[in-house]
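Here are a few notes to read alongside the structure if you haven't looked at it before. Keep the 3D view open and click through the residues as you go.

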Amino acid sequence: MHYTVFGATGGTGRQLVQQALGAGHRVTAVVRDPGRLAVGAHERLEIAVADVTDAEALRPVVAGRDAVLSALGAPANKSAGIASAGTRAILRALDAEGVRRLVSVSASPLGPPEGEGLLYRVVLLPLIRRAFRDIYADLAVMESEIRAGGADWTVIRPPRLTDGPLTGTYRTRFGGAVPRGHTVSRADVAHAMLAAVGDPASVGRVMGVAA
């Protein structure tokens with residue numbers, strides 16, 4: 001398989017690149033600054049420098065790929081907006097090149113807190129949503145763009161991300177967040193995204209992932 005990974009210099013993106021290479025796939029990592037890609041040289045790794053908001057510039061890096069994986073996101077409210085703007089351009093590039101499969105990471109607070117306790121629903125979740133409101137607003141727009149596009153999409157919604165190891169024992173749930181799942185490692189999120197690529201049951205669906 002040949003994948004294109006967006007957001008490859010972020011924590012989840014680097015995991016996507018490393019795990020895909022480890023599984024024997026070819027990977028095109030799309031970056032703005034190659035120096036920030038903390039992945040060693042590899043014969044099956046291509047590094048492409050491109051403006052992720054420029055659909056025409058993205059066409060060559062998605063053409064002929066089996067799937068595109070997006071870990072686009074903002075580390076702080078002040079830089080929110082890249083997920084929706086970048087995804088909009090990615091979708092246009094996919095459509096232009098006839099590439100169908102897209103797996104994108106979002107966030108669990110966008111959905112209802114099903115199965116959660118009163119403290120989380122009434123106190124903690126509102127605080128989380130308020131603290132990162134710009135990021136979640138951006139991700140909500142991103143998800144709307146994905147649903148309206150023509151791709152065979154899957155949206156992955158993790159809770160708070162950690163730098164823990166790949167466990168492979170994470171939980172998943174179609175339709176929304178994993179109940180009482182408040183953390184998950186970036187490595188496990190990347191693993192779930194790669195697994196979703198070949199899972200027909202995940203097409204056109206939101207999938208929660210949590211430890």
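The points below cover salt bridges, a surface patch, a cavity and one backbone angle.

1. A word before you start: this is a predicted model. Keep that in mind while you go through the rest.

2. Let's begin with the salt bridges. Across the whole structure, the search turns up 8 of them. Three residues are worth picking out together, since E56, R59 and E97 are linked in a network of salt bridges. Points 3 and 4 take that network one pair at a time.

3. Take R59 and E56 to begin with. Their closest N and O atoms are 3.8 Å apart, and the two form a salt bridge. Both residues sit in helix α2 (residues 55-62), with their positions 3 residues apart in the count, about one turn of the helix. How exposed are the partners? R59 counts as partly exposed, because its relative accessibility is 27%. E56 counts as exposed, because its value is 55%.

4. Now follow R59 to its other partner in the network. Its side chain meets that of E97 in a salt bridge, at 2.8 Å from N to O. E97 belongs to helix α3 (residues 82-97) while R59 is in helix α2, so this pair ties together parts that are 38 residues apart in sequence. E97 has 28% relative accessibility, so it counts as partly exposed.

5. Next, have a look at R157 and E143, whose side chains also meet in a salt bridge, at 2.7 Å from N to O. Which elements does this pair tie together? R157 comes from strand β6 (residues 152-157) and E143 from helix α5 (residues 133-148), so the bridge connects parts that are 14 residues apart in sequence. Are these two buried or exposed? R157 is buried, because its relative accessible area is 9%, and buried means under 20%. E143 is buried as well, because its relative accessibility is 2%.

6. On the surface, look for a nonpolar patch made of L118, L119, V122, V123, L124 and L127. Together these residues offer about 540 Å² of accessible area. One of them, L118, lies in helix α4. L118 counts as exposed because its relative accessible area is 55%, where exposed means over 50%.

7. How many cavities of 30 Å³ or more does a search of the whole structure find? The answer is 1. About 120 Å³ of space lies in the largest cavity. Helix α4 (118-131) turns up here again: α4 and β10 (205-210) are the elements that give two or more residues to the lining of the largest cavity.

8. Staying with that cavity, its lining has 18 residues, and S108, E116, Y120, A177 and V178 lie nearest the centre. By class, the lining breaks down into 11 nonpolar, 4 polar and 3 charged residues. If you want to find the spot in the viewer, select the five central residues.

9. Finally, a backbone detail. Most residues other than glycine have a negative phi. R180 has a phi near 55°, a positive value in a residue other than glycine. Where is R180 found? Look in the loop between β8 (171-174) and β9 (183-185). R180 counts as exposed, because its relative accessibility is 56%.

Note on methods
Residues numbered from 1 in each chain as written. Predicted model: local features only at pLDDT ≥ 70, side-chain atom pairs only at ≥ 80, totals over all residues. Heavy atoms only, no water. 1 Å grid on protein atoms, 1.4 Å probe; cavity = no way out; pocket = protein on both sides within 12 Å on 5 of 7 lines; lining within 4 Å. Points joined across faces, edges and corners; volume = space filled by probe spheres on them. Helix = DSSP H or I, 4+ residues; strand = E, 2+ residues; numbered from the N terminus. Nonpolar A, V, L, I, M, F, W, Y, C, P; charged D, E, K, R; others polar. Buried < 20%, exposed > 50% of the residue type's maximum accessible area, 1.4 Å probe, protein only. Patch = residues over 30% accessible without salt bridge, like charges linked within 9 Å, V, L, I, M, F, W, Y side chains within 5 Å. Areas by Shrake-Rupley, 256 points an atom, 1.4 Å probe, with all protein chains shown as cover. Salt bridge = Lys/Arg side-chain N within 4 Å of Asp/Glu carboxyl O.
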